[in-house]
Amino acid sequence: MGEWSGRTAVVTGGGRGFGKAFGNALAMQGAHVVLVDIDGAVAAETAQGIVAAGGSALGLGGDVTDETRMSAIMAEAASVNGGVDLLVNNAGLHSDEYGQPILKMGLAKVRRLFEVNVLGVVCCTLAVHPHMRGRAGASIVNIASSAAHMGGSAYGDSKLAVAGLTITYARELGPDGIRVNAISPGLMLTETIRNELPEATKERVQAMQLIRGDGLEQDIVDALLYLASAKARFVTGETLRVTGGMGAGV
């Protein structure tokens, strides 16, 4: 409980997937967790599960591109422990619908992709800043993707922008005592991916890994817990690739 007792973490896209796993892990370590999701009912259900397990959580609905709503959510989150100690910018569009070539998606879908994946990070970071500056150990962790380092898709380009924003915000928020880092997950065999990913695609991606075997959701949770902890006190502006070595390079 020690490090996270009396501290507040906000996780966007917190109703399911990585966001749900992040929320559960942080709550188990004593944090008050605020889960934000475009589907408020799912966020509330996930938060209720944390509370039932003995943790402290609140689930709220909101679009990460809505400046007014995000400002209100960060203020509500800050009311519990006097501020916000961790923001996880996890919300993003990543379905097959947004993994198509730009010529097929068209401008409207590409615009929405960048609004959520890039401007959503900007919006939430701006909203949390007044409630985070000056708090010991405060940090922000953005979720990028291995696609950011491989090129060839609008989705990957949106996540490359997230990696760039990580450096920019690390510079801008450093004087306020806020560290900013990112995680680039590779192929993580979550329950959804196991059910939906064709075996041939899995084999193709894993053939590019330097470490054989399956990447797991827990690998990303562990990376988050490290970057958000005092153990990473001297780490900022970095994007940690958790990919099994896929696309490794300098």
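Is Leu 160 buried, partly exposed or exposed? Leu 160 is partly exposed, with a relative accessible area of 45%; buried means under 20% relative accessible area, exposed over 50%, and partly exposed in between, for a 1.4 Å probe and protein chains only. This is a predicted model, in which local features need pLDDT of at least 70 and side-chain atom pairs count only at pLDDT 80 or more, while totals for chains, interfaces and linings use all residues. Residues are numbered from 1 along each chain as its sequence is written, and side-chain values use heavy atoms, with hydrogens and water left out. The model contains an open sheet of 7 strands with parallel pairing.

**The sheet**

- The strand order is 3-2-1-4-5-6-7; helices (H or I, at least four residues) and strands (E, at least two) are DSSP runs, numbered from the N terminus.
- Two strands pair if DSSP finds at least two bridges between them.
- Strand 3 (56-61) and strand 7 (239-242) stand at the edges with a single partner strand each, so one side of each has no neighbour in the sheet.
- From one strand to the next, the twist averages 15 degrees.
- Strand 1 (residues 8-12) and strand 2 (residues 32-37) run parallel and are joined by 5 bridges.
- Thr 12 has Val 36 of strand 2 as its bridge partner.
- Strand 4 and strand 5 are paired in the parallel sense over 4 bridges, and Leu 87 stands opposite Ile 140 in strand 5.

**Covered strands**

- In a regular strand the side chains alternate between the two faces of the sheet.
- In strand 1, 5 of the 5 residues are buried.
- Thr 8, Val 10 and Thr 12 lie on one side of strand 1, Ala 9 and Val 11 on the other, and both faces are covered.
- Strand 5 is also mostly covered, with 5 of its 5 residues buried.
- On one side of strand 5 are Ser 139, Val 141 and Ile 143, and on the other are Ile 140 and Asn 142, all of them buried.

**Helices on the sheet**

- Helix 2 (residues 40-52) packs on the sheet and touches strand 2 and strand 3; contact means heavy atoms within 4.5 Å.
- The direction of helix 2 makes about 175 degrees with that of strand 3; axes are lines fitted to C-alpha atoms, for helices over the stretch in contact, and angles run from 0 to 180 degrees between N-to-C directions.
- Helix 8 (residues 217-227) lies across strand 4 (86-89), strand 5 (139-143), strand 6 (179-185) and strand 7, at about 170 degrees to strand 6.
- The buried residues in helix 8 include Ile 220, Val 221, Ala 223, Leu 224, Leu 225 and Leu 227.
- Helix 1 (17-28) is one of the elements that the buried residues of helix 8 pack against, along with strand 4, strand 5, strand 6 and strand 7.

**Helix 3 and helix 4**

- Helix 3 (residues 67-81) packs with helix 4 (residues 102-132) at an angle of about 35 degrees, and their axes are 9 Å apart.
- From helix 3, Glu 67, Met 70, Ser 71, Met 74, Ala 75 and Ala 78 meet Cys 123, Cys 124, Ala 127, Val 128 and His 131 of helix 4.
- The residues of this contact comprise 8 nonpolar, 2 polar and 1 charged; Ala, Val, Leu, Ile, Met, Phe, Trp, Tyr, Cys and Pro count as nonpolar, Asp, Glu, Lys and Arg as charged, and the others, Gly among them, as polar.

**Single residues**

- Leu 160 belongs to helix 5 (residues 154-173).
- Leu 160 and Glu 196 are 36 residues apart along the chain, and their C-alpha atoms are separated by 25 Å.
- Asp 37 is in strand 2 and counts as buried at 6% relative accessibility.
- Not counting residues up to four places away in sequence, Asp 37 touches Gly 13, Gly 14, Gly 15, Arg 16, Ala 43, Leu 60, Gly 61 and Gly 62.
- Gln 209, in the loop between helix 7 (199-206) and helix 8, is buried, with a relative accessible area of 5%.
- The side chain of Gln 209 reaches the backbone oxygen of Gly 213 at 3.1 Å; a polar contact is a pair of N or O atoms within 3.5 Å, and within protein one must be able to donate a hydrogen and the other to accept it, while residues adjacent in sequence count only if both atoms are side-chain atoms.
- Ser 153 is in the loop between strand 5 and helix 5 and is partly exposed at 22% relative accessibility.
- A polar atom of the Ser 153 side chain lies 2.8 Å from the backbone nitrogen of Gly 156.
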